[in-house]
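Reader: I would like a close look at one part of this complex. Please take a single strand, follow it through its sheet, and then place it in the wider model.

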Amino acid sequence: MTLSRRGLLAAASAPVLMSVQDALAQGVAPRRGGTLQMMLTPEPPVLQIGVNQQGPTLVAAPKMFQGLLTFSPTLEPQPLLAKSWTISPDGKEYVFSLQEGVKWHDGQPFTADDVVFSITKFHMELAPRARAIFQLIETCEARDPLTVRIVLKQPFQPFLLMFDATAAAMVPKHLFDGRDYRTAPAVQRPVGTGPFRFVEWQRGNFIRLDRNEEYWKPGQPYLDSIIYRIIPDSQSRRLALESGQVLLSQTNDIEPFDIPALRQRQNLEVHTAGWEYFSPLSWIELNHRVKPLDDARVRRAMSMAIDRNFIVNRLWFGVGKPATNPVASTTRFHDPAARLPAFNVAEANRILDQAGYPRNAQGVRFTLKHMALPYGEIWTRLSEYLRQAMRNIGIAFEMESTDAGSWARRVGNWEYETTINFVYQFGDPTLGVERTYVSTNIQRVTFTNTGGYANPQVDALFLRARTSAAAAERQAAFSEVQKLLIEEVPQIWLMELSFPTIHDRRVRNVITTGLGVHKSFDDVFIAG
Amino acid sequence: MELSRLPGFLLRRGIKAAVVILAIVVCNFLLIHAAPGDPASVIAGQSGAADERFLAQLREQFGLDKPFHVQLWIYLKGVLTLDLGFSHRQQQPVWTLISDRLPATLLLTGAAFAFAVTAGVTLGTLAARRVGRWADSVITVIALTFYATPIFWVGLMLVLFFSVWLEWLPSFGMATVGVELSGLAAVLDVGKHLILPAATLGLFYLAVYARLTRATMLEVADQDFVKTARAKGVPEGQVVRRHVLRNALLPVITFAGIQAGQLIGGSILVETVFAWPGIGRLAFDALLARDYAVLLGVFFCTSVMVVLFNLLTDLLYAVVDPRVEVEG
């Protein structure tokens, strides 16, 4: 490949990000046309975002539905359906100016009324995550057809992060208002403002989206259509990608142990960027109601007995990073100074000896049940490694296996001792980290503080960060809480997860934002 | 078979079948609800965020907030009026979901069935005629190999050979997507996609038929009426076709009857490996998602098929072997 000087400069200044301009600079003009065949795993039940918020829906729906904003890899807001916005100095009033000339796929104009409906009614009714944030809204009004004004009851600094399509997609008021949102006909034939419109879904087979000829960005999208193939077996998915029958794999399409082989293939590129907004963090989930997991010394020792580099390099083959604290390094307010103690088996054993947990004749201090995460082979391998690591410090893990339904039910009902969990952070600790550690969120529901950890100091610090309007004050509170949490280790963080996006070299502009494959794909093209 | 006895036979068997199917429906309902977790908790677990209200809304929408016996009664009433219910998870009537996937499964299992029966019986006959010689050994070894090998492994090996290495056949799916094909081209396209999954599924059953045919033919070949036929100078080919094979077919029909009843259930493994959009995967996904209505619907259809094919097999016996009489 020959690079022009401009191309080299562009590549040097933004090594991860390749924008349309960079592609142009390299002499690759966006080419119009072509069908992008991808995979979607597992098959979602419905594609109407809001009605369903599962991972595959969050990947496919943003091709049809858009948010007011999207986010760069460093989580700076970027205009989408809102072309500009202002925030009042007290951090309570947000005014969005909408793009002109935007139409729904059925030809109706997109207006401020749709925005108000989506925020105050649709997502408030359906989506728990949006509901928790949008209840802070005092007024939300359409000032004119292209201006929306939102006033909050109190300043809430991470508010803008809620306006990506995956958090609060804009939906057509005229198709939902006055109907049961879950059963409205539009749920089966989604209508959005995005670059692709819904055409066909043969269940168990494929989903087809075609170019929206009326799309508001001139000249885009470049692709004629997008086809998601449903391929349930991971080895068949790998074969489909290797043989060129599909051009792109994403999220958990490909098992981590297949990645080294795919990296060797000349026709494929492997990317791990594009997860900055979600920043999933995995951990051993501990139930603090089970003794001796309520003892911080035990939790610290368990954490020290784990070789996180082994997990990243030998199990995930380099996709992801070792966790250093409860806030992922790609999430805002991560404090690099707060680091978990290093891997040290001897020290971990010493802590347990001193804490009064002697080994019995078989060398076992105590036994804990461990439920592997039923989301694929890789998680079973992780749990097997952890059993080995715990055996080194005299803790016996008794393995339990479940399926997804039982896992969710048991974690939600606190009927477990230890398991594996991973949770999205949504760019800001108030949105995605706080929920696991504050005592006010101990609920019998998955992804709340199901472990039952309670510490008034932690509660107070998260509250201060939540209600403060000043970034500096929030950083101070978050830094302090990160230091406190690595002392207490309420959950044993393992890895900052990333999921590989693997695609044919001819497919361009795939990862350009902090949302990776969750973006609209309006600028993606297949080079000739 | 006396035709006059047929209506009474069918009536008695029909009543029995209805009772059996009803019992199956009730058992299935109880079993499914005994599994830990419900659709609401699955969706909450997959959504990455949830609250109490979210769970309550889902349970109300799915009708899970009603007492258990009321849920059972509602379902039974539905089944009695041939209404299989509604999948709230997928927002589609269960019958739509099943009927969308039924043709794919029937095509796959039908092709595999036809291939297994014809090739199996032919190979079994060949082996029996050359018993103890090299052709017999080759056929027996092949049959045993496919009988003993895990079906998904056979599938993956076929894919590696024919799709990856030779690049002759597609490795997954039921048709080329994104290209408009019509008429003969479309049929050929589906045919190309069908070869590998049908062969994978068929090879296992082929082994069964070959072994079964060979064994019963050897048994029959020793009997007196065969010796008599040979003694009176009937040509060898005719002896095999008319005297040996026809008598040896009864156990094969029994087994084919059982297998035909299972056709609708398809093969979850083959459908998974080849991404074939059939009923088996629908049921498997529904099980993982605790999509009760869909799972019960699939169970209902499969049990009806099994009962139906058992009845057909009984009738077929009487046709093939006049000594067998139909009896309720």
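Author: What follows is a walk along one strand, its partners and its surroundings. Keep in mind that this is a predicted model.

The strand is E5 of chain A, residues 93–98. Its side chains alternate. Tyr94(A), Phe96(A) and Leu98(A) point to one face, and they are buried. Glu93(A), Val95(A) and Ser97(A) point to the other face, and they are not buried.

Take the partner before it in the chain. Strand E4 of chain A covers residues 82–87. E4(A) and E5(A) run antiparallel, joined by five bridges. One position to look at is Phe96(A), which is the bridge partner of Trp85(A). Phe96(A) is also one of the buried residues of E5(A). The two strands make a hairpin, with five residues between them. Gly91(A) sits in that turn and has a positive phi of about 75°.

Now the other partner. Strand E7 of chain A, residues 147–152, is joined to E5(A) by five bridges. This pair is antiparallel. Here Ser97(A) has Thr147(A) as its bridge partner. Ser97(A) belongs to the face of E5(A) that is not buried.

Step back to the sheet. It is open, has four strands, and follows the order E4-E5-E7-E6 in chain A. The pairing is antiparallel. E4 and E6 of chain A, the latter at 137–144, are the edge strands, each pairing on one side only. From one strand to the next, the twist averages 15°. Six bridges hold the antiparallel pair E6(A) and E7(A). Within that pair, Ile137(A) has Leu152(A) in E7(A) as its bridge partner. Helix H4 of chain A, residues 112–126, packs on the sheet. H4(A) touches E5, E6 and E7 of chain A. Its direction makes about 165° with that of E6(A).

How does this fit the annotation? UniProt lists residues 76–419 of chain A as "domain: Solute-binding protein family", in an unreviewed entry. That span is 28% helix and 22% strand. Its end C-alpha atoms lie 34 Å apart.

Elsewhere in chain A, strand E18 makes a useful second case. E18(A) covers residues 492–496, and five of its five residues are buried, so the strand is largely enclosed by the rest of the structure. Strand E13 of chain A, residues 281–286, runs antiparallel to E18(A) and is joined to it by four bridges. Across that pair, Ile284(A) stands opposite Ile492(A). Strand E14 of chain A, residues 321–322, also pairs with E18(A) in the antiparallel sense, over two bridges. There Lys321(A) stands opposite Glu496(A).

Thr467(A) gives another setting. The residue lies in helix H17 of chain A, residues 456–467. Thr467(A) counts as partly exposed because it has 15 C-beta neighbours inside 10 Å. Thr430(A) is 37 residues away in sequence, and the two C-alpha atoms are 9.6 Å apart.

Next, the other chain. Chain B puts 42 residues into the contact, and chain A puts in 44. On the side of chain B that touches chain A, the elements giving two or more residues are H2, H3 (52–61), H5, H7 (151–165), H11 (268–273) and H12 (279–289), all helices of chain B. H2(B) gives the largest share, six residues. This side of chain B divides into 20 nonpolar, 14 polar and eight charged residues.

H5(B) also holds Ala116(B). That alanine counts as buried because it has 25 C-beta neighbours inside 10 Å. Setting aside neighbours within four places in sequence, Ala116(B) is in contact with Gly202(B), Tyr205(B), Leu206(B) and Tyr209(B). The C-alpha of Ala207(B) is 7.9 Å from that of Ala116(B), although the two are 91 residues apart along the chain.

Last, confidence. Chain B averages a pLDDT of 84, and 96% of the residues score at least 70. Within chain B, confidence is highest in H5(B), residues 94–129, at 90. Confidence is lowest in H2(B), residues 39–47, at a mean of 77. H2(B) is also the element with the largest share of chain B's side of the contact. For the complex, the predictor gives an ipTM of 0.82 and a pTM of 0.87. Where pLDDT is low, predicted coordinates should not be read in detail.

How values were computed: Residues numbered from 1 in each chain as written. Chains lettered and ligands numbered in written order. Predicted model: local features only at pLDDT ≥ 70, side-chain atom pairs only at ≥ 80, totals over all residues. Buried ≥ 20, exposed ≤ 12 C-beta atoms within 10 Å, placed from the backbone. Pairing = 2+ DSSP bridges. UniProt positions renumbered as here; feature names shortened; annotations may be inferred. pLDDT = per-residue confidence, 0-100. Axes fitted to C-alpha atoms, helices over the stretch in contact; angles between N-to-C directions. Contact = placed C-beta atoms within 7 Å. Nonpolar A, V, L, I, M, F, W, Y, C, P; charged D, E, K, R; others polar.
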